[in-house]
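These are my notes on the model you sent, set out as numbered points. Please read them with the sequence and the structure open beside you.

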Amino acid sequence: MTHLWNPPIPRPPAEPLVPGETLPAMFWNAVAQRRGKVWLREKEFGLWRQWTWDQTGQAVREVAMGLAAIGLEPGDTASILSNTVVEWVITDLAVLSAGGVSNGIYPTDSASQVQYLCDDSSSSVLFVEDEEQLDKALEVRAQLPRLRKIVVFDMEGLQRFEDPQVISLDALRALGAAHDKIHPGLFERRVASRRPQDLAILVYTSGTTGKPKGAMHSHAGLVYITRGYSEIFDQNENDERMAFLPLCHIVERVGGEYSGLYTGAVLNFVENPDTVPENVREIAPTVFAAVPRVWEKFYSSVMVALSESSRLQQMVYGWAIGTGRRVADLVLAGQPVPATLKAQFIAARLLCLDNVRKLIGIHRARLLLTGAAPIAPDLIRWYLSLGVPMAEGWGQTECAGAATVTMAGRLKPGSIGQAAPFNEVKVDATTGELLIRGPNVFMGYLNQPEKTAETIDADGWLHTGDVGTVDAEGFFRITDRMKDIIITAGGKNITPSEWENELKFSPYVTDAVVIGDKRAFLTALIMIDQENVEKYAQDHDVPFSNYTSLTRAAEVLQLIQGEIDKVNAKFARVEQIKAFRLLETQLTAEDEELTPTMKLKRRFVQQKYAAMIDSMYSGR
């Protein structure tokens, strides 16, 4: 029998926060409602610049009409190749307002990947952030006959550059303003041209197992899940959000941009990906969504700072976090917190924990959200011990984001929560695979009907590829990806993600891949946290000249072995790691080993480092 947790899908509220059955309709209704209020903020030359709803609307209208002027027709696709900046949001909404289909490309993608994504999506316009991204477009434009124009956000270094196919965003806006004047009513007709069932955006999968696939999402599905998010995560115009995850990823696109559009929450854009730790302390978001890599990094920074503090400070922290953990344990168990413990926790916050929260930048946060990858349950407990609940969501690109959530009042670390009220989730009794069904499920893969048929069955269930369980209360757990389960030579089934997540709790480890399928024992490839390991080496007089020599230092290997020993102690002997190797190359998002969200690609890593893996089994 198939286990099913199927909560009733609630009726949509009689009066939505913002009406509209397509994304552009919803956006323009939001502009009409909020006008002079601030929606977007970005930092330029050390100062924060604000964009009101009216100012954003004017920019969107001008860009949309500029697109109409250069020949983009309703249903045509435009792609955006850029980091997470205000212009990304403006152009995305402009493409949709012009009746087009919006597609995002990771700024870390190579020129050949840009060529594939533009060709597969039939993009007629490509927006690029700056000179670096423009170079990629120019390198491959000869292979893109459908590409009409390349629009550049930032023209720094390109003042003397002239090319009939390239135009600046400012010039496109001016062209759009002029086109708007001589074509009255055209803009309104473009906005109204889209129907709820029409294709709105493409979100390409990371392509860890072959070419990326373009997941197609309709206006109806995106409006539906955006409103659904507002029912489970309370936000309003007084909330401050931080925009820093890639907008071409479903998490920031729906959970950030579209959710902010609907609720009015202010979106604050970081200066660049490297300034997130500094910017978060400035912004102090009230609702903060991030991937586990970010939460792990924040925890590591606290642990490193603690190691440098005085003995007294360490003792105070130990008492304070212990007090917080006692409160957290009671909260997780659904039990009342005694008055004496509440008083102790208040003292713990005043003496220590509030300073820890300020160090991270979460001192104003009432809710933290994590998703897009598994996270160690102990890490969720740690944030809860600081006094900030962390909700976890699970889903994927194909269901437009989170399909299950842990609510702030019902946290269960280690669980991905219960089915969100806007969709159904069940565990297939035969395979253990988690399946999702609801209006938020995508339309299919662009140009790949056979892959679509493999993913969505005849009853409308989305096959996620994740293996899991569900308990009597409807809380789901992910045990692993179907393709990642390890069966050792002795026939033991191992779920590597559990061990990997425990090790990533270490401040010295960024990621790990457990190996052992059809082998006698388990081994691991490990990526160290460069900053923290370098500091350890400097503090302990460990000589090294570069990243490679750092990973080969005997003291560093001993350090990581100690971290592995701590994790091994939590697992049965057959689940323990018997040998490991450190990746000797400093990896960035540009490297093939990593996904755009900085996760190691398991299968790719196993293939590329096959010789290193074999050495662990041959004793070399």
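1. The structure holds 19 aromatic pairs, where the rings of Phe, Tyr and Trp (its six-membered ring) are taken to pair if their centres lie within 6.5 Å, with planes under 30 degrees apart called stacked, over 60 edge-to-face and the rest tilted. One of the pairs joins phenylalanine 27 and tryptophan 39, which are tilted, at 6.3 Å centre to centre and with 40 degrees between the planes. This pair links distant parts of the chain, since phenylalanine 27 belongs to helix 1 (residues 23-34) and tryptophan 39, 12 residues apart from it, to strand 2 (residues 38-44). Helices (H or I, at least four residues) and strands (E, at least two) are DSSP runs, numbered from the N terminus. Phenylalanine 27 counts as buried at 0% relative accessibility, and tryptophan 39 is buried with a relative accessible area of 0%; here buried means under 20% relative accessible area, exposed over 50%, and partly exposed in between (1.4 Å probe, protein chains only).

2. On the basis of the treatment: this is a predicted model, in which local features need pLDDT of at least 70 and side-chain atom pairs count only at pLDDT 80 or more, while totals for chains, interfaces and linings use all residues. Residues are numbered from 1 along each chain as its sequence is written, and side-chain values use heavy atoms, with hydrogens and water left out.

3. A second aromatic example is worth viewing. The ring centres of phenylalanine 288 and tryptophan 295 are 4.9 Å apart and their planes stand at 65 degrees, so this pair is edge-to-face. Phenylalanine 288 is buried, with a relative accessible area of 0%, and tryptophan 295 is likewise buried at 0%. Both residues belong to a cluster linked by ring pairs, which is made up of Phe244, Phe288, Trp295, Phe298, Tyr299, Trp382, Tyr383 and Phe505.

4. Turning to charges, a search of the whole structure finds 31 salt bridges, each being a side-chain nitrogen of Lys or Arg within 4 Å of a carboxyl oxygen of Asp or Glu. In one of them the side chains of arginine 253 and aspartate 92 meet at 3.2 Å, N to O. The two partners are 161 residues apart and link distant parts of the chain, with arginine 253 in helix 9 (residues 250-263) and aspartate 92 in helix 3 (residues 86-97). Arginine 253 and aspartate 92 are both buried.

5. Helix 9 deserves a look in its own right, because 13 of its 14 residues are buried, so that it is largely enclosed by the rest of the structure. The helix is followed by glycine 264, which has a positive phi, near 85 degrees.

6. Two further salt bridges can be set side by side. Aspartate 511 and lysine 504 meet through their side chains at 3.8 Å, N to O, and both of these residues are buried. Aspartate 614 and arginine 519 form a salt bridge at 3.3 Å, N to O. Aspartate 614 lies in helix 21 (residues 610-618) and arginine 519 in the loop between strand 25 (509-515) and strand 26 (522-528), so this pair ties together parts that are 95 residues apart in sequence. Aspartate 614 is partly exposed, with a relative accessible area of 34%, and arginine 519 is partly exposed at 26%. Elsewhere, Asp378, Arg381, Glu502 and Lys570 are linked in a network of salt bridges.

7. Which backbone positions should be checked by eye? Most residues other than glycine have a negative phi, and most peptide bonds are trans. Serine 122, however, has a positive phi near 55 degrees; serine 122 sits in the loop between helix 4 (111-120) and strand 6 (123-128) and is partly exposed, with a relative accessible area of 35%. Alanine 284 also has a positive phi, of about 45 degrees, although it is not a glycine. Alanine 284 is found in the loop between helix 10 (276-283) and strand 13 (287-290), and at 5% relative accessibility it counts as buried.

8. Finally, two buried helix residues. Valine 533, in helix 17 (residues 530-539), counts as buried at 0% relative accessibility. Histidine 219, in helix 8 (residues 219-232), also counts as buried at 0%.
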